[in-house]
Amino acid sequence: MLYQTHARIHLQNIRTNLEGIRRAVGTRRKILIAVKANAYGHGAVEVSRMAEAIGIDWLGVATVPEGIQLREAGIQLPILKFSPSFPEEMSAAVLARITLAVCSRANAEALEHAAQTSGVQAMTHLKVDTGMGRVGVAPEQAADLAAFIETECPHIRLEGIFTHLPVSDEADPEFTQAQILRFQTVVNDVETAIHRKLPLVHCANSGAVLGHEPAWLDMVRPGIMIYGFCPDPGTPRTIALHPGLSFLTRVSFLKKVAAGTSIGYGRSWVAPEDTWIATIPAGYADGFNRLFSNMGRVLIQGRSFPIVGRVCMDQSMVNLGPATTVKVGDEVVLIGQSGDQAITVEEWAQKLGTITYEVTCQINARVERVHDVV
Ligand SMILES: Cc1ncc(COP(=O)(O)O)c(C=O)c1O
């Protein structure tokens, strides 16, 4: 490894999480896993390969290049792009056999054109907005749009219908329950309009997989939970989840400083006593957030030590105290386990005032992902 700051990806844990979901939802239902944003930072190709090998049914992406990357890696599973696409993205998508979400008549017309000119049949799932307020056809217009695709778009095959649940991870179930009912009404309207059943009706993100069984329908669509993290601290833990990654580096430099010595940009920390300072080659450009300046902590040799001074772009400093056994080259845990101590993604999310999703997504591309062999 030519750069010591790296993320160890616990593919076996991700696999165990997937097996837990499979046990919960059964074998007759399909499972689509969200591998967008480089599998939430865990490596989309490696996660998708493992998922394909253990019988996961579908993959979900946010962009056409994400889908093409999976095809170029040889992955054959069906891929759904969750969000609407621009006309100029569509030919490449249909040629890569990426199923596109359609949210409007203009969307459907552009996809029909792209499929026709590319000489292929495009697959689509209708996206309905039942309460997310982001993208999707309005519930009352869904049947008309479905009928339009069915009758006017010979190069599009309408295979599924889906919606998204914005508060399925929260304790109060009322809004989600109402959304599921609204969605089922829309599905009935659509199926009546096109005179056939749609094979894939789906809406269950992680919050709904964990807490709303009526949302499981034909296929579930988990993301964050497969990487071992709960969507919200309050989500019920009905399936055991194991962390998908550790974020690690090593001590690159060590020095003893005298009381009164300042550390780092802005001189925001001054040593109150003679103390050992370790430098680590990890900074905000790696995803070690600058908010950890004088606030974060790391684990070395199974013990917790504070970050002192400001986190730099590529390096940070750690106060080891007046006496130390730490050496240059020792492993430093930014996220993960060291002895019986752990720093969790949840701890980062809470300290940074964000969600677990952003923590793993913000581990930068220059941080090599080292995947466990499964
Ligand atoms: C359409 C869609 N389905 C499923 C997911 C997975 O959600 P989660 O990671 O909360 O399980 C996402 C992620 O945002 C999404 O946008």
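Buried means under 20% relative accessible area, exposed means over 50%, and partly exposed covers what is in between, with a 1.4 Å probe and protein chains only. Keep that scale at hand for the tour.

**Before you start**

You have a predicted model open, in which local features need pLDDT of at least 70 and side-chain atom pairs count only at pLDDT 80 or more, while totals for chains, interfaces and linings use all residues. Residues are numbered from 1 along each chain as its sequence is written, and side-chain values use heavy atoms, with hydrogens and water left out.

**Stop 1: the whole protein**

Show all C-alpha atoms: along the principal axes they fill a box of roughly 80 × 45 × 40 Å. Colour by secondary structure to see 11 helices and 20 strands; these are DSSP runs numbered from the N terminus, with helices being H or I of at least four residues and strands E of at least two. Of the 374 residues, 53% count as buried. Contact here means heavy atoms within 4.5 Å. Among contacts between residues at least 6 apart in sequence, 66% join residues at least 24 apart.

Next, give 11-227 and 245-343 separate colours: these are domain 1 and domain 2, with bounds from an automatic or database domain assignment. Their C-alpha centres lie 42 Å apart.

**Stop 2: helix α1**

Select residues 11-25, the 15 residues of helix α1. From its first C-alpha to its last, α1 reaches 21 Å, close to the 21 Å expected at 1.5 Å a residue; the expected span is 1.5 Å times one less than the number of residues. The buried residues of α1 are Leu11, Ile14, Asn17, Leu18, Gly20, Ile21, Arg22 and Val25. What covers them? Switch on β1 (6-9), β2 (30-34), α3 (44-53), α9 (206-211), β9 (219-220) and β20 (368-371), which are included in that cover. Just after α1, look at glycine 26, where phi is positive at about 90°.

Now move to isoleucine 54, in the loop between α3 and β3 (58-61). Leaving aside residues up to four places away in sequence, isoleucine 54 touches Arg15 and Leu18. Isoleucine 54 counts as partly exposed because its relative accessibility is 26%. For a distance label, pick isoleucine 54 and proline 231: they are 177 residues apart in sequence and 24 Å apart in space, C-alpha to C-alpha.

**Stop 3: two residues with positive phi**

Most residues other than glycine have a negative phi, and most peptide bonds are trans. Select alanine 39 in helix α2: this residue is not a glycine, yet has a positive phi of about 55°. Is alanine 39 buried or exposed? It counts as buried, because its relative accessibility is 0%.

Then select glutamine 301, in the loop between β15 (297-300) and β16 (303-308). Its phi is also positive, about 50°, although it is not a glycine. With a relative accessibility of 42%, glutamine 301 counts as partly exposed.

**Stop 4: pockets and a cavity**

The search uses a 1 Å grid over the protein atoms alone: a cavity is a set of points where a 1.4 Å probe fits but cannot get out, a pocket is an open set with protein on both sides within 12 Å along at least five of seven lines, and lining residues have an atom within 4 Å of a point. Grid points are joined across faces, edges and corners, and a volume is the space filled by probe spheres set on the points.

The largest pocket holds about 530 Å³ of space. Of its 25 lining residues, select Lys36, Arg134, His164, Asn205 and Tyr357, which lie nearest its centre. The elements giving two or more residues to this lining are α2 (36-41) and α9.

The second largest pocket holds about 250 Å³. Among its 18 lining residues, Phe229, Pro243, Leu245, Ile343 and Thr344 are the closest to its centre. Strand β18 gives the largest share of this lining, three residues.

Finish with the largest cavity, about 30 Å³ in volume. Select Phe288, Phe292, Gly296, Arg297, Ile343, Glu347, Trp348 and Lys351 to see its lining. Helix α10 (residues 345-352) gives the most to it, with three residues.
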